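This report describes one protein model with its ligands. Please read it with the sequence and the structure in view.

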Amino acid sequence: MTLKELVKKVFFLEILKGMALTFKMMCTRAVTIQYPKQRRRIYAGFRGRHAFVRDPKTLKEKCIACMRCANICPSQCIYIAKKKRPEDGKLYLAQYDIEALRCIYCGYCVETCPVCALVLTEDYEYSAYTKQELYFTKEKLLENWDEFAAKQKEDTYFNKFWRPDGIDASKLPKGKREQGPVPTRIVVVSEPESSPEKNEKKETD
Ligand code: SF4
Ligand code: SF4
């Protein structure tokens, strides 16, 4: 044993070092929070539970079954089936499923959607006991939207992070353009009176 090691042992230097660190940490601010009594603020761009935006006019999903989201999904967890309407031969969305347990929440599906039909909401408390509960069908995705929208109080949800390229805010459905009383953390697209070019996204804090 060297002299240095002996001194360390005799004077309990390692223990004193540990105690000093403990006292130091006792005086610093805690980084943990008392969840669920306390919750962290959710920032714009948060990627939570998937939902299909319910069109206020038709009260149905806005999806046009273009398949872009299914094609871009790196996890291959989106399943779409489309069928032709016998009356006019147009394609319609017959089935749309997302297997949330395979999703990596990259957000590509939302970014690529040309009609803002799909969103990743700010809901994060959706753990389940069975796999089936996390297999989102078309109906379940609409339910997810209803649950999320009910919490927002206003029909103004429009997360700027999920705005697909090339979408003109002035062409969005009325409910997505108007600026009413703005719920916290929600991004809305406001339509200026004079020029559509000046459309701005406003973010509340
Ligand atoms: S967030 Fe990414 S992984 Fe999840 S469904 Fe969308 S594209 Fe697929
Ligand atoms: S990209 Fe949008 S419109 Fe196209 S299939 Fe997916 S959700 Fe539907």
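Which residues does Ala128 touch, not counting residues up to four places away in sequence? The model examined here is predicted. In it, Ala128 touches Glu133 and Leu134, with residues up to four places away in sequence left out of the count. Ala128 itself belongs to the loop between strand E4 (118-120) and strand E5 (135-136). Its relative accessibility is 30%; because this value falls between the limits of 20% for buried and 50% for exposed, Ala128 counts as partly exposed.

**The chain as a whole**

The protein chain contains six helices and seven strands. Read from the N terminus, the order of these elements is α-α-β-α-β-β-α-β-β-α-α-β-β. The chain has 205 residues, of which 35% count as buried. It exposes about 13900 Å², and carbon and sulfur atoms supply 55% of that area. Among contacts between residues at least 6 apart in sequence, 62% join residues at least 24 apart.

**Residues compared by accessibility**

The table places four residues side by side.

| Residue | Relative accessible area | Class |
|---|---|---|
| Ala65 | 4% | buried |
| Thr112 | 18% | buried |
| Ala128 | 30% | partly exposed |
| Leu91 | 48% | partly exposed |

Leu91 is part of strand E3 (residues 91-99). Leaving aside residues up to four places away in sequence, Leu91 touches Lys82, Lys83 and Lys84. Ala81 is ten residues from Leu91 along the chain, and the C-alpha atoms of these two residues are separated by 9.9 Å. With a relative accessible area of 48%, Leu91 is under the 50% limit for exposed residues and is therefore classed as partly exposed.

Thr112 lies in helix H4 (residues 108-112). Why is Thr112 classed as buried? Its relative accessible area is 18%, and buried means under 20%, so Thr112 meets the criterion. Again without residues up to four places away in sequence, the residues that Thr112 touches are Arg68, Cys69 and Ile72.

**Backbone features**

Most residues other than glycine have a negative phi, and most peptide bonds are trans. Against this background, three places in the backbone deserve attention. Ala65 is not a glycine, yet it has a positive phi of about 55°. This residue is found in the loop between E1 and helix H3 (68-72), and it is buried, with a relative accessible area of 4%. Tyr105 likewise has a positive phi of about 55° without being a glycine; its place is the loop between E3 and H4. A cis peptide bond, with omega about 5°, joins Tyr35 and Pro36. Pro36 is in the loop between helix H2 (13-26) and strand E1 (50-52).

**The two ligand shells**

Ligand 1 sits in the second largest cavity. The residues around ligand 1 include Cys73, Cys77, Cys103, Cys106 and Cys109, and Tyr105 is also one of them. Which classes of residue make up this shell? Ten of its residues are nonpolar and two are polar, while none is charged.

Ligand 2 has 13 residues around it, of which Cys63, Cys66, Met67, Cys69 and Cys113 come nearest. By class, the shell of ligand 2 consists of twelve nonpolar residues and one charged residue, with no polar residue. Cys69, one of these nearest residues, is also among the residues that Thr112 touches.

Terms used. Residues are numbered from 1 along each chain as its sequence is written. Chains are lettered from A and ligands numbered from 1 in the order in which they are written. This is a predicted model: local features need pLDDT of at least 70, side-chain atom pairs count only at pLDDT 80 or more; totals for chains, interfaces and linings use all residues. Side-chain values use heavy atoms; hydrogens and water are left out. A residue is near a molecule or strand if one of its heavy atoms lies within 4 Å of it. Ala, Val, Leu, Ile, Met, Phe, Trp, Tyr, Cys and Pro count as nonpolar, Asp, Glu, Lys and Arg as charged, and the others, Gly among them, as polar. On a 1 Å grid over the protein atoms alone, a cavity is a set of points where a 1.4 Å probe fits but cannot get out, and a pocket is an open set with protein on both sides within 12 Å along at least five of seven lines; lining residues have an atom within 4 Å of a point. A molecule sits in a cavity or pocket if more than half of its atoms lie within 2 Å of its grid points. Helices (H or I, at least four residues) and strands (E, at least two) are DSSP runs, numbered from the N terminus. Buried means under 20% relative accessible area, exposed over 50%, partly exposed in between (1.4 Å probe, protein chains only). Contact means heavy atoms within 4.5 Å. Accessible areas come from the Shrake-Rupley method with a 1.4 Å probe; for residues, only the protein chains shown count as cover.
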